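The following paragraphs lead through the side-chain arrangement of a protein chain, from aromatic pairs to the nonpolar core and the salt bridges. Please keep the sequence and the model in view while reading.

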Amino acid sequence: MKLLKQLFDFYLNASIHVALSCFALVHITFHVFHIQYDKAMALFVFFGTIVGYNFVKYDTLVRVNRKIVGKQLKLIAVLSFFSLLLVGYYFFQLKRITQIVSFGILAVTALYTLPFFPNKRNARNWAGVKIYIVALCWVGATLVLPLVNAEIPFSTDFFIKCIQRFVLVFVLILVFEILDLAKDDPHLKTVPQTIGVRKTKILGFTLLIPFWFLEVFISTFNFHDALINLIMVVMLMLFIFFAKPERPKYYTSFWVESVPIFWWLMIAYLK
């Protein structure tokens with residue numbers, strides 16, 4: 001049982017689960033825009049998420065705080081290294097314009113992690129900014145890149161889906177911020193720190209209403225997808241409702257981050 005817990009913790013701490021969530025959102029993008037499955041694109045995002053998230057999570061821990069690198073962190077470093085090699089491999093299978101756009105997303109990730117300006121904190125520590133940067137990176141990686149690589153022109157559907165994807169990730173992060181309320185630096189000015197837990201939940205509920213209704217304006221609207229989206233929205237509303245700082249870490253690191261995976265599975269199998 002202890003070994004299973006260690007493996008599960010490694011699966012979460014090594015960002016494999018969050019990478020699978022991004023992978024699921026890429027598949028949802030393929031489905032919505034009728035893009036034929038693009039293995040290189042999907043795996044580029046999957047392994048890129050592992051590299052990006054591990055860099056963001058452990059860079060400060062090792063580079064700045066000089067923490068002793070334990071066995072699990074060494075394994076995460078090895079996984080990240082091989083993931084980086086695979087990112088490079090799939091990168092060269094993407095179209096040139098996709099490669100250029102991916103560098104833009106990489107630049108935002110680097111800005112989020114590294115202090116580029118003297119005596120300044122990185123963007124991750126800029127008051128009130130973190131949630132917007134993360135949401136924009138997810139939109140770029142899981143929606144913009146697949147469409148650019150498939151050479152699909154930006155249409156009204158694209159902009160509606162960008163808004164929806166941004167709102168989805170924004171709301172997911174709100175749940176994380178509620179649970180991290182006691183641990184987050186007060187200077188971060190996260191949404192719960194600024195307006196309180198109750199108002200943060202109301203904000204999450206409110207944002208999910210237009211998120212679902214925007215589906216009606218998609219040119220490929222169908223009741224099957226709309227119903228699945230509604231189920232996903234109700235699921236996320238329940239996660240918001242029961243969120244509180246006392247919840248164990250698995251509430252967000254596994255269950256909340258599983259929402260895009262459940263959404264993808266419903267689309268794939270509830271036909």
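F213 counts as partly exposed, because its relative accessibility of 48% falls between the limits of 20% and 50% that separate buried from exposed residues. The model in which this value was computed is a predicted one. F213 forms an aromatic pair with W212, in which the ring centres are 5.1 Å apart and the planes stand at 80° to each other, an edge-to-face arrangement. In general, such a pair is described by the distance of the centres and the angle of the planes.

How many aromatic pairs does the count come to? The total is 25 aromatic pairs. Among them is the pair of F46 and F47, which is edge-to-face because the planes meet at 80°, with the ring centres 5.0 Å apart; an angle over 60 degrees is what places a pair in that class. Both partners are covered: F46 is buried with a relative accessible area of 14%, and F47 is buried with 16%. F46 and F47 also belong to a cluster linked by ring pairs, together with F23, Y89, Y90 and W264.

The nonpolar interior comes next. The largest nonpolar core comprises 67 residues, and those with the most contacts inside it are F44, L168, F211, M232 and W263. Two or more residues are given to this core by each of the helices α2 (16-32), α3 (39-64), α4 (71-91), α6 (130-149), α7, α9, α10 and α12 (259-269). Which element provides the largest share of this core? Helix α7 does, with 13 residues. F211 shows how residues distant in sequence come together: with neighbours within four places left aside, F211 is in contact with Q164, V167, L168, M232, V233 and W263. Three of the residues named here as contacts of F211, namely L168, M232 and W263, also appear with F211 in the list of those with the most contacts inside the core.

Helix α10 can be followed through several of its residues. N229 is found in this helix and is buried, because its relative accessible area is 4%, under the limit of 20%. Beyond residues up to four places away in sequence, N229 touches W212, E215 and W263. W212 is thus both a contact of N229 and the ring partner of F213, while W263 is a contact of N229 as well as of F211.

F239 also lies in helix α10, and at 14% relative accessibility F239 counts as buried. With residues up to four places away not counted, F239 touches V175, Y251, W255, V256 and V259. For one of these, Y251, the separation from F239 is twelve residues in sequence and 8.6 Å in space, C-alpha to C-alpha.

L227 gives a contrasting view of helix α10, in which L227 is found. Is L227 buried or exposed? L227 is exposed, because its relative accessible area is 51% and the limit is 50%. L227 belongs to a nonpolar patch on the surface, formed with L230, I231, V234, L238, F241 and F242, and the accessible area of the patch is about 630 Å² together. In soluble globular proteins, by contrast, nonpolar side chains tend to be buried together.

The charged side chains complete the picture. A search of the whole structure finds three salt bridges. In one of them, K161 joins E215, with the closest N and O atoms 2.8 Å apart. K161 lies in helix α7 (residues 156-179) and E215 in the loop between α9 (197-213) and α10 (223-241), so this salt bridge ties together parts that are 54 residues apart in sequence. Both K161 and E215 are buried, and E215 is also among the contacts of N229.

The salt bridge between K5 and D9 has an N to O distance of 2.9 Å. K5 and D9 are separated by about one helical turn, because they are four residues apart in helix α1 (residues 2-13). K5 is partly exposed at a relative accessible area of 47%, whereas D9 is buried at 11%.

Finally, the side chains of D180 and K183 meet in a salt bridge with an N to O distance of 3.5 Å. D180 is partly exposed, with a relative accessible area of 22%, and K183 counts as exposed at 66% relative accessibility.

Conventions
Residues numbered from 1 in each chain as written. Predicted model: local features only at pLDDT ≥ 70, side-chain atom pairs only at ≥ 80, totals over all residues. Heavy atoms only, no water. Salt bridge = Lys/Arg side-chain N within 4 Å of Asp/Glu carboxyl O. Buried < 20%, exposed > 50% of the residue type's maximum accessible area, 1.4 Å probe, protein only. Core = buried A, V, L, I, M, F, W, Y, C linked by side-chain atoms within 4.5 Å. Contact = heavy atoms within 4.5 Å. Patch = residues over 30% accessible without salt bridge, like charges linked within 9 Å, V, L, I, M, F, W, Y side chains within 5 Å. Areas by Shrake-Rupley, 256 points an atom, 1.4 Å probe, with all protein chains shown as cover. Phe/Tyr/Trp six-rings, centres within 6.5 Å; stacked < 30°, edge-to-face > 60°.
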